[in-house]
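Subject: Structure for you to look at

Hello,

Here is the structure I said I would pass on. Please open it first, then read the notes below it.

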Amino acid sequence: MTFRSGRIPPHVLTIGAVSFTVFAWASAFVSIRSAGTAYSPGALALGRLLAASLVLAVLLLVRRQGLPPREAWRGILVSGVVWFGGYTVALNWGERLVDAGTASLLVNTGPILMALLAARLLGEALPPRLLAGMGVSFAGAVVVGLSMSSGEGGSTSVLGVVLCLLAAVAYASGVVAQKPALSYGTPLQITAFSCLTGAVVCLPFAGQLASELPHAPLSATLNMVYLGVVPTALAFTTWTYALARMPAGKLGATTYAVPAIVVLLSWAFLGEVPAWLSLLGGLLCLAGVAVSRYGPRSPQAPGRDRPLPADRPEPGLTGSHERRSS
């Protein structure tokens, strides 16, 4: 998948890629909740990754992009196992044991872990503005989590908390592992083969998927397919596109907007009117993202939204997620 355009400035394309990813990952919370009533965590993860792998394989054929270079495979395999595979199963399982607010709060420790890992392993800076923005956004995530957890049906499970924390660790680790791989392969290649790796890891759940598929309602199956096509295949590709063009820690901070968007989507599509505390938390999340993203722009900074040479259709740039999303 290519996002080049001679008329659209590169930084606009990057912002668009980040925005699409955040909205798609926010929508995944609603779809996981629906599909999870009919599919077990492993079966849902496998079905989602198989649908995503099919879409990504078609995109690879259309773009005529083959195997990534050998140097990219270490990052691909690590992100595929721990992020696409481990994160997806852990989050699906965790959301069955804790309420959505608690899950969102726990998973939103991921960007903090990501920034720390990127500073330690990739040598990325931790500027005060980024740390301040992450602090504001995390406070907003705590407010959203508390407000949603206090509603009817809220529950807390030790196992659920552990699973959501494991998902956050897998999310952060997968992004940091994927970043160097983008020096050698294209965003589409890295996403496609990471996703395929995750699908292979989840193959032990094939029996569950085969037994649950005939009995699942159509709405649950469509939500599973949606999870594979939009929040996984498309959103992970736009995520890697943005990751190739900005630091992992700074990009991870943008995902703090997810809780705010989830509140709005629940309001719009599920008729769940948010409490004033949820709205306040959502505003804090967005304010923190704005603080972390704001700063003087250096047009000559390496790896930051520079136009690509005309003879290179997709870069190997220095610089991966339900995501982590959901």
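What percentage of the 326 residues of the protein chain count as buried? The share is 54%. Please keep in mind that this is a predicted model.

Overall make-up

The protein chain has 13 helices and 0 strands. Read from the N terminus, its elements therefore run as α repeated, in the order α-α-α-α-α-α-α-α-α-α-α-α-α. The accessible surface of the chain is about 14200 Å², and carbon and sulfur atoms account for 69% of that surface.

Helix α2

Helix α2 covers residues 41-63. From its first C-alpha to its last, this 23-residue helix reaches 33 Å, close to the 33 Å expected at 1.5 Å a residue. R64 comes just after α2 and takes a positive phi of about 55°.

One residue to find in α2 is L54. Is L54 buried or exposed? Its relative accessibility is 59%, so L54 counts as exposed, the cut-off for that word being over 50%. Together with V58 and V62, L54 makes a nonpolar surface patch of about 300 Å².

Helix α10

Helix α10 takes in residues 218-243, which is 26 residues. At 1.5 Å a residue, α10 should span 38 Å. The C-alpha atoms at its ends are 35 Å apart, which agrees with that expectation. Where does α10 bend? The bend is at A235 and comes to about 35°.

As for its surroundings, 19 of the 26 residues of α10 are buried, so this helix is largely enclosed by the rest of the structure.

Cysteines

How many disulfides does a search of the whole structure find? It finds 0. C195 shows why a bond is missing there: its closest cysteine sulfur, in C202, is 9.5 Å away, which is too far. For a disulfide, the two sulfur atoms would have to be within 2.5 Å. Looking from the other side, C202 is in no disulfide either, and the nearest cysteine sulfur to its own is that of C195.

Both residues can also be checked for exposure. C195 has a relative accessibility of 0%, so it counts as buried. C202 has a relative accessible area of 1% and is buried. The cut-off for buried is under 20%.

When you go through the model, you could start with L54 in helix α2, then follow α10 to its bend at A235, and end with C195 and C202, whose sulfur atoms are 9.5 Å apart.

Regards

Methods:
Residues are numbered from 1 along each chain as its sequence is written. This is a predicted model: local features need pLDDT of at least 70, side-chain atom pairs count only at pLDDT 80 or more; totals for chains, interfaces and linings use all residues. Side-chain values use heavy atoms; hydrogens and water are left out. Helices (H or I, at least four residues) and strands (E, at least two) are DSSP runs, numbered from the N terminus. The expected span of a helix is 1.5 Å times one less than its number of residues. The bend at a residue is the angle between axes fitted to the seven residues ending there and the seven starting there. Buried means under 20% relative accessible area, exposed over 50%, partly exposed in between (1.4 Å probe, protein chains only). Patches are made of residues with over 30% relative accessible area and no salt bridge: like charges are joined within 9 Å, nonpolar side chains (Val, Leu, Ile, Met, Phe, Trp, Tyr) within 5 Å. Accessible areas come from the Shrake-Rupley method with a 1.4 Å probe; for residues, only the protein chains shown count as cover. A salt bridge is a side-chain nitrogen of Lys or Arg within 4 Å of a carboxyl oxygen of Asp or Glu.
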